[in-house]
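Work through the exercises below with the sequence and the model open beside you, and try each task before reading its solution.

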4 protein chains.
Amino acid sequence: MQAELVGMARWAKATGQRIVVIFEGRDTAGKGGAIQAVREALNPRQCRVVALSKPNEAEQTQWYFQRYITHLPSAGEIVLFDRSWYNRAGVEKVMGYASPEQVAAFLAQAPLFEKQLVEDGILLFKYWLGTDQAEQEERLRERLEDPLKRWKLSPVDLAARDKYDAYTEAREAMLAATHTDWAPWTLVDFNDQKRGRLTLVRDLLDRLPDTQVEPTEIDYPPLGREPLPERYSVLQPIVNYTPVDEAG
Amino acid sequence: MQAELVGMARWAKATGQRIVVIFEGRDTAGKGGAIQAVREALNPRQCRVVALSKPNEAEQTQWYFQRYITHLPSAGEIVLFDRSWYNRAGVEKVMGYASPEQVAAFLAQAPLFEKQLVEDGILLFKYWLGTDQAEQEERLRERLEDPLKRWKLSPVDLAARDKYDAYTEAREAMLAATHTDWAPWTLVDFNDQKRGRLTLVRDLLDRLPDTQVEPTEIDYPPLGREPLPERYSVLQPIVNYTPVDEAG
Amino acid sequence: MQAELVGMARWAKATGQRIVVIFEGRDTAGKGGAIQAVREALNPRQCRVVALSKPNEAEQTQWYFQRYITHLPSAGEIVLFDRSWYNRAGVEKVMGYASPEQVAAFLAQAPLFEKQLVEDGILLFKYWLGTDQAEQEERLRERLEDPLKRWKLSPVDLAARDKYDAYTEAREAMLAATHTDWAPWTLVDFNDQKRGRLTLVRDLLDRLPDTQVEPTEIDYPPLGREPLPERYSVLQPIVNYTPVDEAG
Amino acid sequence: MQAELVGMARWAKATGQRIVVIFEGRDTAGKGGAIQAVREALNPRQCRVVALSKPNEAEQTQWYFQRYITHLPSAGEIVLFDRSWYNRAGVEKVMGYASPEQVAAFLAQAPLFEKQLVEDGILLFKYWLGTDQAEQEERLRERLEDPLKRWKLSPVDLAARDKYDAYTEAREAMLAATHTDWAPWTLVDFNDQKRGRLTLVRDLLDRLPDTQVEPTEIDYPPLGREPLPERYSVLQPIVNYTPVDEAG
C-alpha cells in the first residue's frame with residue numbers, strides 16, 4: 001500500500017490535486033500512528049501534518065475556522081489534520097471549553113464550510129478512529145507506565161477518562177450533523193491499531209480515482225569514474241556510536 | 001535513547017527551552033530518516049519539522065533569512081530543519097541558483113545571524129550527514145528502481161550526481177566560514193545510515209545539559225465500572241481490512 | 001462624523017465587535033479617499049487596511065477566499081478592504097483573468113461564505129462606489145497629467161477604459177447574486193467624491209447600533225514641576241526645514 | 001515634496017529597492033502625522049504601515065526581532081514602522097516591561113541586526129521625533145479634552161507623563177548604542193509638528209540617491225463615443241448626504 005500512497009502523491013502533484021485528510025477519534029485511538037502510516041513514504045515538502053495547539057487570545061475571538069483555513073493545501077499538496085476544526089464538537093464540548101451555543105453554531109456551520117471546500121475541488125476525507133473503553137483504559141495505563149509514552153498523557157486525558165459516554169454522545173451528535181453527501185465520515189475500528197491503520201489507508205486509496213501517473217523516465221548513465229570517498233579538511237566526523245553490546 | 005529524547009522534550013517544555021536542529025548533508029545521506037529518528041517519540045505539537053519549498057517570487061527578493069526566521073521556536077518548542085538557510089552555501093551555489101556574491105554574502109552573514117539566535121538563548125545544533133560517492137551511487141540507483149523511493153529522485157539530484165566534488169568543495173567552504181564557537185557543526189558519517197542515526201541522536205543528547213525533569217505525578221484511580229464498548233448509531237465502522245494471505 | 005467614528009471604534013473595542021468594511025467600485029471612483037475618511041481619526045493598531053496584491057503562484061491554486069480570510073478581524077478590530085474577494089466578479093471577469101466557470105462558482109459561493117461570517121457575529125458592510133464615465137474619463141486624464149497621481153494609472157486601467165459597459169454588466173451580475181439579506185450592498189454615488197465620502201460614512205454610522213460607550217475617566221493632575229525642554233547629548237536634531245518662501 | 005515621494009516610490013519599484021523607515025519618538029510627538037505625510041500620496045499596495053500590538057504569549061518567548069522581521073519589505077516595497085523593535089529600549093525599559101538584562105541585550109543586538117539588513121541592501125532610515133515637555137503636556141491635555149483624540153490617550157501615556165526624564169535617559173542610552181555608521185539616527189524637532197513633518201520628509205528625500213525614473217509613456221486616445229452615465233438595475237444608490245447647513 002505504501003507504493004499506492006506514493007502513486008497517489010505523484011498523481012496529486014501531476015494533476016494539481018489538493019487533498020485534506022482529517023484524523024479524529026478517541027484519545028489513545030491511534031491518530032498519530034495512522035498519520036505516520038500515511039506520511040512515512042511521502043515527500044515532506046508535499047505532505048504536511050497540521051497539529052495546532054490551543055488558540056491564542058486573538059485567535060479565540062476570530063472566526064472559528066480561520067486558523068485552520070490558513071493551512072489548507074495549494075495545488076499538489078496533501079495536508080493531514082491531526083485533530084481539526086472538529087475539536088469544537090468533541091473535546092471543547094465535553095470539557096466545557098465551548099458554550100452549547102458555540103457547539104450548535106459549529107455543527108450548523110461545519111457542513112456548509114466543508115461544502116465550499118469540496119465545491120472548490122479540494123478532496124476532503126474525514127476519518128474517525130474508535131476504540132472500546134477497555135482498550136482505552138489499557139492504553140492509558142500503558143502511557144502512564146511507559147516513560148516513552150508518558151507525554152501523551154495530559155491532565156485533560158484523565159479528566160476525559162470518565163467521560164467516555166459524554167464523548168460517545170458528542171460524537172453521535174457530530175456524525176448526525178456533519179456526515180454529509182459531500183463530506184462523509186468514515187469510521188474505523190482501531191481496537192487493533194495495526195489493522196486499523198491498514199483499513200484506513202486501504203479505504204483512503206480506494207476512494208481516490210485511479211491514480212496511475214507514470215514516473216518520468218530518467219536516464220541514469222554510468223558514473224564514468226571511480227566514486228570518491230568523503231574527505232574532510234575543516235573538521236572531521238565524530239566517532240560512530242557503538243552500542244553497548246558491541247562495545248565489549 | 002528514545003527515552004532520553006522524551007526526557008529532553010519534557011525538560012524543554014518545563015524550562016521553556018527553544019531548540020533548533022539543522023539537518024544538512026549529501027543527497028541520499030539520510031536526512032529524512034535522521035529527522036524521523038528524533039521526532040518519532042515526540043509530541044507533534046511540540047516538535048515541528050520545517051521543510052521549506054523553493055522561495056516564491058516575493059520571498060526571493062526578501063532578506064535571505066526572513067522566511068526561515070518565521071519558523072523559529074517559541075518557548076518549549078523543538079524545530080527540526082530539513083535543509084535550512086545553508087541551501088545557499090550548497091545546492092544554490094553548486095547549481096548556480098545563487099550568484100558568487102550572494103554566496104559570499106551568505107557565508108559572511110550566517111555566523112552573525114546564528115550568533116544572535118544563540119545569544120538570545122536558542123539552543124542551536126547543526127549536523128552535516130556525509131556519505132561516500134559509491135554509497136551515494138548505490139542509493140540513487142535504489143531510488144530509481146524502488147517505486148517507493150522514486151519521488152526522492154529529482155532531476156536536480158541527477159544533475160548533482162557528477163558534481164560530487166563541487167559539493168565537497170562547497171561544503172568545505174561552508175564549514176570554514178560557519179563552524180564557529182557559538183554554533184559549531186557536527187559531521188556524522190552516514191555511510192551506515194542506521195549507525196549514523198544512532199550517532200547523531202547520541203551526540204545531540206550528550207550536548208544538552210542534564211535534562212532530568214520528573215514527569216508530574218498522575219493519580220490513576222480504578223475506573224469504577226465496566227468499561228463500555230464502542231456503540232455507533234448514525235453510521236457504522238467500515239469492515240476491517242483483511243490482508244490477502246489471511247483472506248483465504 | 002469623525003467623532004462618531006471614534007465612538008464606533010471605542011464601542012467596537014469595549015464590546016469586542018469585529019467590523020469588516022468592503023470598498024469596491026469603478027476605477028477612479030475614490031476608494032482610497034473613502035477609506036482614508038474612515039480611518040484617519042482611528043487608532044492604526046485597531047483599524048487596519050487590507051490591500052492585497054495579486055496572488056502568488058501558490059495562492060492562485062488555493063481556495064479562493066483563503067488569502068482574504070487570513071486578514072479577518074479579531075475582537076475589537078476594524079478591517080477595511082481596499083478591493084476584496086469581489087475582484088473575481090469584477091476585474092478578473094472583465095479582463096479574463098478568471099474563467100466563466102470560476103466567476104460563476106464565485107458568485108454562488110460568496111453569499112454562503114459571507115453568511116458564515118455574519119452568523120459568526122462579524123459586522124460586514126459592502127460599499128460599491130459608482131461614477132459616470134464622463135467623470136471617470138476626466139479623472140483618468142488627471143491621473144495621466146498629474147505627476148502626483150500618475151502611479152494610480154496602470155495599463156489595466158487603460159485597458160479597462162473602453163470596457164465601461166462590461167464593468168457595468170459585471171457589477172449588475174454581482175449585485176444580483178450577492179445582494180443578500182444578511183450581507184446587502186450599499187451603492188454610493190461618487191460623482192462628487194467629497195459628498196460621496198460623507199454619504200458613505202454617514203450610512204456606515206447609521207447602520208451600526210447605538211454605540212455610546214463613555215471614555216474611561218482619566219485623572220489628570222498638574223505636573224508639579226517646570227516642564228523640561230528636550231536635551232540631546234549623543235547627537236542633535238537636524239536643522240528645521242525652511243520653505244523657500246520663508247527662506248529669503 | 002509629494003511629487004518627490006511619488007518619484008521615490010516609482011524608483012523603488014523600478015529598481016526593486018526595499019525601503020524601511022522607522023518612526024520613534026516621544027508620546028504625542030506626532031509619529032502618526034509624519035507617517036501619514038509620507039504615505040498619503042503613495043500606492044497602499046506598495047507602501048505599508050506596520051503598527052504592531054503588544055506581543056502575544058508565544059511571541060513573547062520568541063527571538064525578540066522575529067515578529068518584526070515578518071514585515072520586512074520585498075522588492076519595491078516601502079515599509080513604515082509606527083514604533084518598532086526600539087520599543088524595548090524605550091517604553092519597555094522605562095515602564096519595566098523588559099528586564100535590564102533584556103534591554104542591555106537588545107542594545108547590543110540591534111546594531112548587528114540592522115547591519116545585516118543594510119548589508120542585504122535594505123535602505124533603513126531611523127527617525128526620532130522629539131518634543132519639549134511643555135508641548136507634550138499641552139498635547140496630552142488636548143487629547144484628554146478633544147473627543148476625537150481621546151483614544152490616543154492610554155493609561156500608559158499618563159503613567160509615562162512624569163517619566164519624561166526617564167524617557168530622555170533611555171533615549172540617550174539608545175542613541176549611544178545604536179547610532180551607527182550603517183544605520184544612523186536622525187533626530188527631528190517636532191515642537192512644531194507641521195514643520196517637523198516637512199523637515200523629516202525633506203531629509204528622507206535628500207538621503208535617497210537621485211531617484212529619477214520617468215513614468216512609462218501611456219497612450220491616451222479619445223474615447224470615441226459618448227461617455228455613459230451609471231445605470232443600476234438590481235438596486236439603486238442611496239440618497240446623497242445633505243449637510244445640515246445645506247438642508248434648510
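**Exercise 1: surroundings of a tryptophan**

Task: In this predicted model, which residues does Trp85(A) touch, not counting residues up to four places away in sequence?

Solution: Begin at Trp85(A) and leave out residues up to four places away in sequence, after which the residues in touch with Trp85(A) are Ile22(A), Tyr64(A), Phe65(A), Tyr68(A), Phe106(A), Phe113(A), Glu114(A) and Leu117(A). Next, place this tryptophan in its wider setting: the largest nonpolar core has 64 residues, and of these Trp85(A) and Trp85(C) touch the most other members. Apart from that core lies another one, of 63 residues, which includes Leu235(A), Val103(B), Ala110(B) and Trp185(D).

**Exercise 2: extent of an interface**

Task: How many residues does the contact take from chain B and from chain A, and which three residues supply the most of the area that chain B buries against chain A?

Solution: The count comes to 80 residues from chain B and 80 residues from chain A. Turning to area, the two chains bury about 7000 Å² between them, with 58% of it on carbon and sulfur atoms. On chain B, Arg45(B), Tyr220(B) and Tyr241(B) supply 12% of the area buried against chain A, more than any other three residues.

**Exercise 3: polar and charged pairs**

Task: How many salt bridges are counted between chain B and chain A?

Solution: The count is 8 salt bridges, and one salt bridge joins the side chains of Arg45(B) and Asp82(A), at 3.8 Å from N to O. As a further step, the polar contacts across this interface amount to 36 residue pairs. By class, the side of chain B that touches chain A has 41 nonpolar, 15 polar and 24 charged residues.

How values were computed
Residues numbered from 1 in each chain as written. Chains lettered and ligands numbered in written order. Predicted model: local features only at pLDDT ≥ 70, side-chain atom pairs only at ≥ 80, totals over all residues. Heavy atoms only, no water. Contact = heavy atoms within 4.5 Å. Buried area = accessible area lost by both parts, 1.4 Å probe. Salt bridge = Lys/Arg side-chain N within 4 Å of Asp/Glu carboxyl O. Polar contact = N/O pair within 3.5 Å; in protein donor to acceptor, adjacent residues only side chain to side chain. Nonpolar A, V, L, I, M, F, W, Y, C, P; charged D, E, K, R; others polar. Core = buried A, V, L, I, M, F, W, Y, C linked by side-chain atoms within 4.5 Å. Buried < 20%, exposed > 50% of the residue type's maximum accessible area, 1.4 Å probe, protein only.
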